[in-house]
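Please open the model in your viewer and keep the selection panel at hand. The tour below moves from one selection to the next and says what is to be found at each stop.

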Amino acid sequence: IALKDWDITIYRGVLTGFNEAFYLSQEQRDAFVAEDPKCADYLVPLLRGRYVSRYATDWDGTWMINSHNGVKSKGIPPVELKKECPLLWQHMARYESKLAKRQDKGDHWSNLRNCAYVEEFSKPKIIYPNMTKYLPFYYDWEDGFIGNQKCFIITSPSNKLAYLTAFFNSPLFKYCFRDNFPNLGEDRRELSKIFIDILSVKKPTKAEAELFEKLVPLVQFAKKTELSVEASFLEPLIDACVMECYFRSHMAERDLLFHEEVSHVLRELNVDVSKPIEQSTIVNIYEALNSTHSKVRSRLLRIPTESPNLLAVIQKEGQV
């Protein structure tokens, strides 16, 4: 089904019109909050496209003053910094002459440029860069990042975002669709909305969507906490689970199925990613799935020999 016909929406990141006024370093942010804790209500972590990687971010600690212009049609009032947070107002006032010159500055020069979907950034979303050689995607279900104009976000009222993150990060996606995106030189690809919209992607079943809703946060947590061994196991496992969504009959004939076994282990270990994830949870999952007696481990190892002309080709050619 073409993604434009899914219940998803793709948005561009926020434009400020003058980054120097709105962007803060971690040190600046901490100093403002230390002086007035209320500042924290108006500061959001800003993720620039260059810092998105596969199932991870290399966030540089940049924050943004979220003095948005509100969305009148949705009853979201504009931020009035002068009244609501005088300390940040004083910071912005240093740049008044330049901010006032912006054409799309909202109701007041201290506001961000108009963004009718500002509330979407606080929802679970997929974040990806607008131009990239590596085609990385990150599932932000709890960080609350706002993206800059060099990236896009995907939101949805359904529970398919984790599945889509796994699909976009998979060798299958890169093998089948990499050439659907214009090559900007040095194999950098343009991932604009118009090219994402027309991709035909297989929708997951309810059980498949639920499986990826657990697996994707787990691998991202493993990478964030530098559990590199566990992450290096989970990534190809997720890739294999994506391929099973597409080639189940082929994989069943070769005893290469993963979904049932992985789902069973996650149920046995009572994995609930709606609660804070513990490192011990990742380690226990890794040990259960990667033991010498695990069918999952042996099946992952057998993919190249059991399916040399299909799955092995996708694994090799889908690397970026």
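In what follows, Ala, Val, Leu, Ile, Met, Phe, Trp, Tyr, Cys and Pro count as nonpolar, Asp, Glu, Lys and Arg as charged, and the others, Gly among them, as polar. Keep in mind throughout that this is a predicted model.

**The enclosed space**

Begin by selecting His68, Asn69, Gly70, Leu112, Arg113, Cys115 and Val118, the residues that line the largest cavity. This lining divides into three nonpolar, three polar and one charged residue, and the volume it surrounds is about 40 Å³. A search of the whole structure for cavities of 30 Å³ or more finds one.

**The sheet**

Next, display the strands S2, S6, S3 and S10, which in that order form an open sheet with mixed pairing. Strand S2 (23-24) and strand S10 (146-147) are the edge strands, and because each has a single partner strand, one side of each is left without a neighbour in the sheet. Then narrow the selection to residues 43-47, strand S3, and residues 63-65, strand S6, which run antiparallel and are joined by three bridges. Within this pair, centre the view on valine 44, which stands opposite methionine 64 of S6.

**Helix H2 and arginine 29**

Keep the sheet on display and add helix H2, residues 26-35, in which arginine 29 lies. Which residues of H2 are buried? They are Arg29, Phe32 and Val33, and they lie on the same side of H2, because the arc they cover around the axis is only 95°. These buried residues pack against S2, S3 and S6, and also against helix H4 (86-93). If you turn to the other side of H2, you will find Glu27, Ala34 and Glu35 exposed.

Arginine 29 deserves its own selection: its relative accessible area is 18%, and because buried means under 20%, it counts as buried. Leaving aside residues up to four places away in sequence, arginine 29 touches Leu24, Ala40, Leu43 and Trp63.

**Helix H12**

Move now to helix H12, residues 259-268, and colour His259, Val262, Ser263, Val265 and Leu266, which are buried. Looking down the axis of H12, you can see that its buried residues fall within an arc of 160°, so they line one face of the helix. The face turned away from this buried side carries the exposed residues Glu260, Arg267 and Glu268. To see what covers the buried residues of H12, add its surroundings, which include helix H9 (206-224), H10, helix H13 (279-289) and H14. Just after H12, pause at asparagine 270, which takes a positive phi of about 55°.

**The largest pocket**

For the last stop, select Phe233, Pro236, Asp239, Leu300 and Gln315, which among the 17 lining residues of the largest pocket lie nearest its centre. Helix H7 (171-177), helix H10 (228-246) and helix H14 (295-306) are the elements that give two or more residues to this lining. H14 supplies the largest share, four residues. H10 and H14 have already appeared on this tour, among the elements that cover the buried residues of H12. How much space lies in the largest pocket, and how do its lining residues divide by character? The space comes to about 310 Å³, and the lining is made up of eight nonpolar, five polar and four charged residues.

Terms used. Residues are numbered from 1 along each chain as its sequence is written. This is a predicted model: local features need pLDDT of at least 70, side-chain atom pairs count only at pLDDT 80 or more; totals for chains, interfaces and linings use all residues. Side-chain values use heavy atoms; hydrogens and water are left out. Buried means under 20% relative accessible area, exposed over 50%, partly exposed in between (1.4 Å probe, protein chains only). Contact means heavy atoms within 4.5 Å. On a 1 Å grid over the protein atoms alone, a cavity is a set of points where a 1.4 Å probe fits but cannot get out, and a pocket is an open set with protein on both sides within 12 Å along at least five of seven lines; lining residues have an atom within 4 Å of a point. Grid points are joined across faces, edges and corners, and a volume is the space filled by probe spheres set on the points. The arc is that of the directions from the helix axis to the C-beta atoms. Two strands pair if DSSP finds at least two bridges between them.
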